[in-house]
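Grab a pencil and work through these short exercises with the structure open beside you. Try each task before you read its solution.

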Amino acid sequence: MLTIENFSATYRQNGRPLPGATNIAFSLAAGENLGIIGESGCGKTTLALGIMGLLPEATISGRVLLNGRELTTMTERELRRIRWRQIAMVFQNSLEVLNPVITLGEQLTEPLTTHLELTAGEAKERVTEMLAATGLDPKWMTAFPHQISGGMRQRALIAMALACRPELLIIDEPTTSLDPENRRLVLDLLEDLQSSMGFAMILISHNLPAIRLLTGRLLTMYGGRIIEEGNTSEVLRHPLHPYTRGLINAAPEFFPYKDLWGIPGDPPEPGLITGCGFTPRCCQAGAACTQEPPELSEQGKGRWVACHKGGIETVLSAEGLVKNYFLGKEKIKALKGVDLHVRRGEVVALVGKSGSGKSTFAQVLSRAIAADSGMVRFLGKPVYTRQATAMIGGIQLVFQDPGEAVSHRLTVRDAVREPLDIISFKGKNEREQKIKEALTAMHLPTSEAFLRSTCHGLSGGQRQRVAIARALVMEPTLLVADEITAMLDPSTQAVILRELKGLQHQRGFSMLFISHNLHLARKIADRVYVLDEGYIVEEGAAFEVFAGQIDSPSRQMVAIIKN
Amino acid sequence: MEMKATEQNRRRFFDYLFTLFIVVSLNFALPRLMPGDPFLYLSGDHGEEIARFSTDQIDAYRHQYGLDKPWPAQYAASLFALLRGDLGYSIYYNKEVSTILLNRLPWTLLLVLSAVFFSTVIGCLLGSLSASFRGKALDRLLYPLMIAVAEIPAFLLGLMLLFFLAAGLRLFPLSGAMTHFAGTAGFWHTFVDIAHHAFLPVLTLTMVRTGAMYLLARNAMTTVLARDYVRTARAKGLSTARILARHSLRNAMVPIVTRVFLSLGGLVGGAILVENVFAYPGLGRLMRESVLVHDYPMIQGIFLLVTGAVLSANFLADCIYRRLDPRIGLSTEVQP
Amino acid sequence: MNGLEMTYPATRRSLPLWHMLSGSGKLALLILLLMAGVALAAPLLCRHSHRIASGPALAAPSLVHPMGTDELGVDLWAQIAYGARISLLVGAATALLAGVGGAAVGIVSGYQGGLADRLTMRLIDILLVLPDLPVMIVLAAFFGPSVTTIIVVLAAFSWTATARIIRSRVLILKERRYIKAAELYGAGTLYLLRRHFLPEIFPLAAVGMIRLAGRAIVAEAGLSFLGLGDPTSRSWGLIMHHALSFKGIYYTDFWKWWLVFPWLALTLVVTSLALLGRDLEKLADPRIGRS
């Protein structure tokens, strides 16, 4: 029904072009629901207004086809016949969106008298009907907009938009400024109205639950471009673009227990960035990213992403890992074929009871012990030797027992410097600098006295920090944290965990967080694997696993670990 | 909310009543505060008519002001006189002050009302045009021009028009409101004659006010056209005429209408001076004549009439403003 | 972008006033300075007296009388040069009186609030709706025209605008965090005035005073023009008043110098003040300049 090709809208500011939307292309079938998400100023509203031809101050290029008719070249007079009759819009709810000096009744009936040439009486009847359908008492027709509440205004706006029975309804932020109850009611109302009236819908919203509830397909916009497109639930569960993932991770509705971490940095000034606009905020930006903006490309069925790296890279993938121990003659199957993937910049929690095989898995990953069968890949390359752990930007491990992890005989300096010494990293000064950076990052002193003290005298918490600092000097791409806080008191545990998550967020490395503590995992994990008896029994986005959305026998598993 | 609006109305009404009271009191106090004895000897400037009062006249004044009575009684008497419409007696004109005022008032009203009408229509029209084509050639031409026009004081502009169009080119009469004995020439001729005489004063006052109205209308329309509800109206596919007339103008009218009435005070001041530039026989001219001959009751009468009219206009503006904007009481913010 | 915003105001402040003015503003300032020069140096610039007849009555402009003479044979150029003193005196004195007074009232009423503020606002409301010219005419008519009366009456009527503007600015400033912080540190009213309020308010008051000066000069000219000027002085308005009182002046050529020259002087000064005021207004409040 609606096809948009190569649509661009460019504003002018102080004589300088200011792109509002660039190269937008998508299509919408009759009755289909499309969601659009993105930060404020990403071009969502520009796109909506552009479809309706309401951007007189911008230069428009490309095509907007409604049932095969081109809208961008239409005269204002022709467009007026399309507006509201075929495409209607529910503008973002504000006091100013309805004319303050005209009654609601007149504002609701005027499109009917204009487009359908109804008499005043017929129009009033129709509006009364629409108001009843939206649950607003028709007595309010004589009221002025400032006399009704925000929730009522939202209903009036919806009734007004649907009065002419449009084929396409564009809704801009229907739930902001509403309290949770009204939010729920408005969303239900939209669902009901759509099933009875059958219009197609474009829903623009920051509110991801609303998007998940109402839409089947999802577009993510950033800097005026579409950067991801796909089936709504798939995109939300498994975002391909780091930006989409950032939006999801910032949604409090999805992560009621996890700490919220927004996308670092601000969107770039439009028109100033030559390459991919997300580069300065991206955890996996490379040299190619600053050259030119990426095109949307298909990654899997129905999934499109605009990223030079084809979406979020997979840092680590373990496929079919099997490991057996022999206890005397008895064969203990620790891992019975484990698949696990960690992507760039995410925190993956691997949870399971003691003895479920978690620690074995961690050691197999890092090649501390060899697997019997299966394959581990790091950044796409198979890991056969310990090479991945012995390089800058590789995999680093932090273990459970700080007492064992760091030799009590070494000084702090020697302990942290050890990996650099082993791989013969540059000169003495560079190593010294890296040590100090890592210690500062872990909130440890960098005084000479501290550097010279032996680890023996440090507390458990300090030792664990030293251990993490030792991992950090190697600038890991993946940090495997194996029960790192299990032996610490709760306060120290909380402090170290927050510091570590902060570092991860700031530096953008990936983290595999192995723990038997579900509560801890819930605080920091983006995705979760549940390991039991050597099998992965459950995996998925943290908000689904912890909310129990996936129905599987392992729900009991989670319950078991919860004790 | 409704309660609040009426209460505010009442408060404003008492404000105006209080102001009126001050004006009346000032009017009462002035002759009594005059330095020396005002009635003994008064001289005009050299080269002008000199007003000397005879003993009879001085007695007449004393009687009129009732200066022999205690002042509260005097005050009460003057208030009652005012309520009766008795503004005193002009010795110079040898008539009731109110009679003379009623004779002169129509001419001033003609000037002021025509100027208000033309300047509001032209100013709003040009201002709306400028707002609709903001930044385009028309706007860039009008804006500085109107700023310049708005800055020139009325009587200086009037003198300039007089120099060029009346004294220089002899296109318009130099003085008066109509040619003597023109009334006998039939209605149409009289009308043309009056219009011919009024043209320059009205033009002067109109030009000066058009600048201010233009700036106001341009500002108001620009603000309204950028509002969300105008975008909503456009999205609804309404005709341009309806969007302008029903959805924009009404909202922009709020500050404009208020200003039309609020600026009457300034306009009256301008009119007083402009009438003297063109020797136009309205209240302003009368005021100058009275000042020259020291006809105090006359001056006071004009003063009362003019301030009373301006106060009423302001009060009317307040009421209309509340009528036009149903939100009043919600926010008290008034657009400048 | 950030860097630009950070440095921009600093560079702007450091520029001398002259460079911040537009072309018309510069011209206006020059004209005003010239007028002030004429007013100060009037005795040096005039060959003839501005009071006593020095030639034939109603002489057209000539080498002896560059602007001609009036009906008593007094040199018009001398009258205009000395008249500049009156205009500038009235303008400057009124502006100073009303500007400083209005600013003081605005600061006190805005900062103090409460009853004083409410009373002041009532008074301002009342003065705002009173038409000023009729009131001034009446006062001048009764108290006798003198330069002092005119200045006092003008000031009494024109302080309101400045007071309102300054009051609203003080109200905004008062709520600023840094003022609150200073108060928390124990800063007294005088300290706040000196350190925070006055520097913020001074540009506004200065612009207000330019406007006031323009209005005062126009008002004085208007009053004099009506015959209510100080008869001992020879202000521009009074010259025009005398010229207009000359019966049938337009049927002669006399108006071409007798009226035109004072008119020209007045128009030049008033327009210059308005242009300068508009320029300064833009500088004091950049929002106004945006169009």
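**Exercise 1: a hairpin turn**

Task: In the hairpin of S9(A) and S10(A), which residue takes a positive phi?

Solution: Bear in mind that this is a predicted model. Go to the hairpin formed by S9(A) and S10(A), where 2 residues sit between the strands. Check the backbone angles there, and you'll find Gly223(A) with a positive phi near 55°.

**Exercise 2: the neighbours of S9(A)**

Task: Work out which way S3(A) and S10(A) run relative to S9(A), and why S9(A) counts as largely enclosed.

Solution:
- Start with strand S3 of chain A, residues 33-37: 4 bridges join S3(A) to S9(A), and the two run parallel. To see the register, look at Ile36(A), which stands opposite Leu219(A) in S9(A).
- Now take strand S10 of chain A, residues 225-231. Here 6 bridges connect S9(A) and S10(A), and this pair is antiparallel. Met221(A) makes a handy marker, as it faces Ile226(A) in S10(A).
- Last, the burial: S9(A) covers residues 217-222, and 5 of its 6 residues are buried, so the strand is largely enclosed by the rest of the structure.

**Exercise 3: an open sheet and its helix**

Task: In what order do the 4 strands of the open sheet in chain A come, and which helix packs on the sheet?

Solution:
- Read the order across the sheet: S2-S1-S4-S5, with antiparallel pairing.
- Pick out the edges. They are S2(A), residues 16-28, and S5(A), residues 69-70, each pairing on one side only.
- Add the helix: H1(A), residues 44-51, packs on this sheet and touches S1, S2 and S4 (59-66) of chain A. The direction of H1(A) makes about 70° with that of S2(A).
- Zoom in on one pair: S1(A), residues 2-13, is joined to S2(A) by 9 bridges, and the two run antiparallel. Within that pair, Arg12(A) has Pro17(A) as its bridge partner in S2(A).

**Exercise 4: over to chain C**

Task: How many helices and how many strands does chain C have, and what share of its residues count as buried?

Solution:
- Count the elements: there are 14 helices and 0 strands, so to speak an α after α pattern along the sequence.
- Get the dimensions: along its principal axes, the C-alpha trace of chain C spans about 75 × 45 × 35 Å.
- Check burial: 45% of the 291 residues of chain C count as buried.
- Finish with contacts: among those in chain C with a separation of 6 or more, 70% come from residues 24 or more positions apart.

Conventions: Residues numbered from 1 in each chain as written. Chains lettered and ligands numbered in written order. Predicted model: local features only at pLDDT ≥ 70, side-chain atom pairs only at ≥ 80, totals over all residues. Buried ≥ 20, exposed ≤ 12 C-beta atoms within 10 Å, placed from the backbone. Contact = placed C-beta atoms within 7 Å. Pairing = 2+ DSSP bridges. Axes fitted to C-alpha atoms, helices over the stretch in contact; angles between N-to-C directions.
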